[in-house]
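Biologist: Can you take me through the charged pairs in this one, and then a helix? Short answers are fine.

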Amino acid sequence: MDVQEAWLTKTVATKAPAVLAAGTNTLDSLSPVFTPFAARWDAEADRRMKLRTPENLKALMDAQRAHTSARATAATAKSQRTAARAASKNPLSSARRAAATADKAARSHRSSARASLKTARVNYPATMTNLAVRAHAAHVLPAGVASWALSTPADWATWPASLSVALVAVNSAALWLGRRNVKVEVEDGVSAEERRLMERLDPSYWVQHADENGLERTLTERPEVTAAGVVCGVRLDGKGRSWKWLAGEADAVRRLLGMKTGTRMEIAAGSHGDRATITIRTRSAADGIDLKGWRPGDCWAVDTITGELLRVPLGKRMLVAGTSGAGKSYSARPLLAEASEHADHRLVIFDRKYIEARTWEHRARTAVELDEMRELCDELEAEGEERLKDLPRGKDVIDISPQRPRITVFVDEGGELLSDAKTKYEDGDGKKRDYLDVIERLRTIARKYRAAEIILVWATQKPTMSGDGHGLDSQIAGQMSVKLGLAVASQTDAQTVFGRSDWPAHDLPMPGYALLFDQDKGPAQRRNPIKLRFMDAQQVIALPARPIWSRSTATAGVPAAQPAERPALRLLKDEAAATAPAAKVEASPAAPVTNRTRVLDAVAYGARTNADIVTRTGINKGTVSKLVKALTESGELVKDPANGLKVTGATGTEGVSA
C-alpha cells in the first residue's frame, strides 16, 4: 500500500464516525417533530385493538348476516312489487298494495340492518395498518391507471401514482422517526438525579408522556444545567394555556418527571406569552462556600442563584422571622457580631429567653428582666433625644463615631416580650402593673431614632399581628425597611412578613435559607433564596470582648463642650464608707461598664450580701443573684461564712478599702 492509499484509508476511517454521528444527530433533532404524529397514531391503534374483542367480533358477524339477509329480502320484495305492477294496471288492486307494503317494510329493515352494521364496525374497527393499506390502495390503484392511460412513461413521475407512492413513503418514515427512541446526551459533571430529570425533560420523552399526565399541548425545549439547577423552557399551545396554568399543574409536572418530594421546583413566565420556564433547584451557588463561623470582613449570606456575596445591612431597621428550627438565632449571630465589632458600633440586646443575652454579655448591653428593659429604654430614649437635638441643620442622619456610635437594638423573640409586657405583675405595694410602656418605647425607637443611628432589629418565630400568640407589633412592623424571612409556618406568615403572597418563605428548606426584601431597592428586589452564615454559641463566646454601651460610658468620651454626667471614681476612706454604706458604686469610665463589672466593684467597695449589691448598683435582684452565682463559680468571688462576699485576688481588687 502506498502512502497516498494509506492516507485515504485513514481519512475515510476517521471521517466515518463523524458522518455517522452527524446523521444520528440529525435524526435525533427530527424525531421530536414527528413524535406527536406517531403518538397519535399509536394511541389510535391501541384504542382500536382494545375494541377488537371476541364479543364485538361476534356482534359484527351477526350484523353482517342480518344486513345480508335484509338486503336479499329487500331485493325480493322489490322484484315482487315490479311483477305486481306489470300484472295489474289498477294501482288500488290488492296485489299491488300488498307488494308495495312488503317492499316498504323490507327497505326499512335493510336501513335498520345497515345502521346496526355500521355501529358494529365502529365497535370492532379495522386495525390502523389495515386502514392505512385500504386508504393508500384506494388512492394508488386509480391513480396508477390514470397515469398509465393519460400519459407517456416519461410523465409518469409527475402523475398521481408516483405522488401516492411518495405519500406512502413519507407516512412510513414519519412513523419510524416518531417511534424512534432518542438517546438523550447529558453532559458530564451532573448528578444522577439531574441526569434523570434532563432525560425526562427532553422533548422526545416529554411529548410521549405529557398527554397521560394531563399536560397535553405542551412541549419542552432543551434543558440546561446552570448554577441554579436544571432550567427548561416549555411551549404552551392551545386556549387557556399560560405559565400560571402550568404552575397550577405542578403536581402533574412532578409526577411526569419523577421528582423527589424534597426537591424544590419553580414555574415562572418564559421569554414569550406562550412560554413558561421550569427551574428545578438541584444545585446552589452557595455549594462549596464555607459559611460556618464569622470573622471581620466575612459575608453574611450567599445568593444561591447568582453566587453574590451579601454583606450585613447595618444601619437599617430589620424584621427577622423564622419558625422554630429555621435557624433564626444561628443566622442572626453574624449580624450581631458585625454590629458590635467596630469602634463606632454598639450592640444592645432585649432577650426574655435569656440565651442570647448570656451568650453576648461580653459584647453587648443586655436586658432580660422587664425592669431592666424599662431602664434601658429610658437610656435609649434620652440618648436618641440628645442626638436629634444636636443634629446639624441640613443633615438627615448623625455622623457615627466612637463617641456617638451606631446602636443596634436587637429584640430576640419579640412574641415573648409582647406577651410578658401585657401581663400584670404584682409590685411591692401589692398593686398590679404591666410593662406595656416598654413596647411603646420600642415603637418610639423604631419610628423616631433612625436619624439618631439607633436601629431596631426585631426577631420573632410567629410573625402575626393579631391573636393571643402574635409575635409582631403592627407599628414596629411598619417601620422595618429590611425583611428577612427564613422558613415560616404558613403562607399567611410569609405574606405578613413581605406584604405580598408571591414570596414563598413557607416553602424554603430548613435551616439557614431565607428570602431578603430591602425596601430601599424598590422594584429591583432580590427574589432568589439566600443561604445565611451561621455561628454557634461557642463561636460567639470565643469572640473578643467589646465596649458595652450605656449612657454613662457614652458620655465619657464626649468633647469638652458636652461634659460627662458622671465624675471620675476615687477610692473611699474607711470613715466615708461607714457614714454612707448605701452609696451607688460606679465603675471606671476607662473600662466598659457591664453588670458583671458593677457587681465586682460593689463587692470590692464593701457590699457583702446580694441585698447590699442591689442597693449600691440598682441592678434587679434576680440579675444580681445570677451574676453572683456565676462569679462565685468562676472564682472571681468567694463567700465567707463570717464576712460575706469578697473579691478574690484574680480580679486585682482584693484588699481595696471599703
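**Salt bridges and helix 9**

Modeller: Before we start, this is a predicted model. The side chains of Arg352 and Glu369 form a salt bridge, with N to O at 3.8 Å.

Biologist: Where in the chain do Arg352 and Glu369 sit?

Modeller: They belong to distant parts of the chain, 17 residues apart. Arg352 is in the loop between strand 9 (345-351) and helix 11, and Glu369 is in the loop between strand 10 (365-367) and helix 12 (370-390).

Biologist: Are Arg352 and Glu369 buried or exposed?

Modeller: Both Arg352 and Glu369 are buried.

Biologist: Which residue does Arg352 meet at 2.8 Å?

Modeller: Asp420; the two side chains form a salt bridge at that N to O distance. This pair also joins distant parts of the chain, since Asp420 lies in helix 13 (residues 414-421), 68 residues apart from Arg352. Asp420 is buried, as is Arg352.

Biologist: And Glu356, what is its partner?

Modeller: Arg333, with the closest N and O atoms 2.7 Å apart. That salt bridge links helix 11 (residues 355-359), which holds Glu356, to helix 10 (residues 328-339), which holds Arg333; the two residues are 23 residues apart. Glu356 and Arg333 are both buried.

Biologist: How many salt bridges does the structure hold?

Modeller: There are 42.

Biologist: Which residues are linked in a network of salt bridges?

Modeller: One such network links Glu383, Glu386, Arg387, Asp390, Arg404 and Arg551.

Biologist: OK, change of topic. Which residues of helix 9 are buried?

Modeller: In helix 9 (residues 250-257), the buried ones are Ala252, Val253, Leu256 and Leu257. Looking down the helix axis, they fall within an arc of 130°, so they line one face of helix 9.

Biologist: Why would positions spaced like that share a side?

Modeller: An α-helix has 3.6 residues a turn, so residues three or four places apart point the same way.

Biologist: What is exposed on the other side of helix 9?

Modeller: Asp251 and Arg255 are exposed there.

Biologist: What do the buried residues of helix 9 pack against?

Modeller: Three helices and two strands: helix 6 (192-201), helix 7 (203-209), helix 8 (243-248), strand 4 (265-269) and strand 5 (275-280).

Biologist: What about the backbone just after helix 9?

Modeller: Gly258 comes there, with a positive phi of about 65°.

Conventions: Residues numbered from 1 in each chain as written. Predicted model: local features only at pLDDT ≥ 70, side-chain atom pairs only at ≥ 80, totals over all residues. Heavy atoms only, no water. Salt bridge = Lys/Arg side-chain N within 4 Å of Asp/Glu carboxyl O. Helix = DSSP H or I, 4+ residues; strand = E, 2+ residues; numbered from the N terminus. Buried < 20%, exposed > 50% of the residue type's maximum accessible area, 1.4 Å probe, protein only. Arc of directions from axis to C-beta. Contact = heavy atoms within 4.5 Å.
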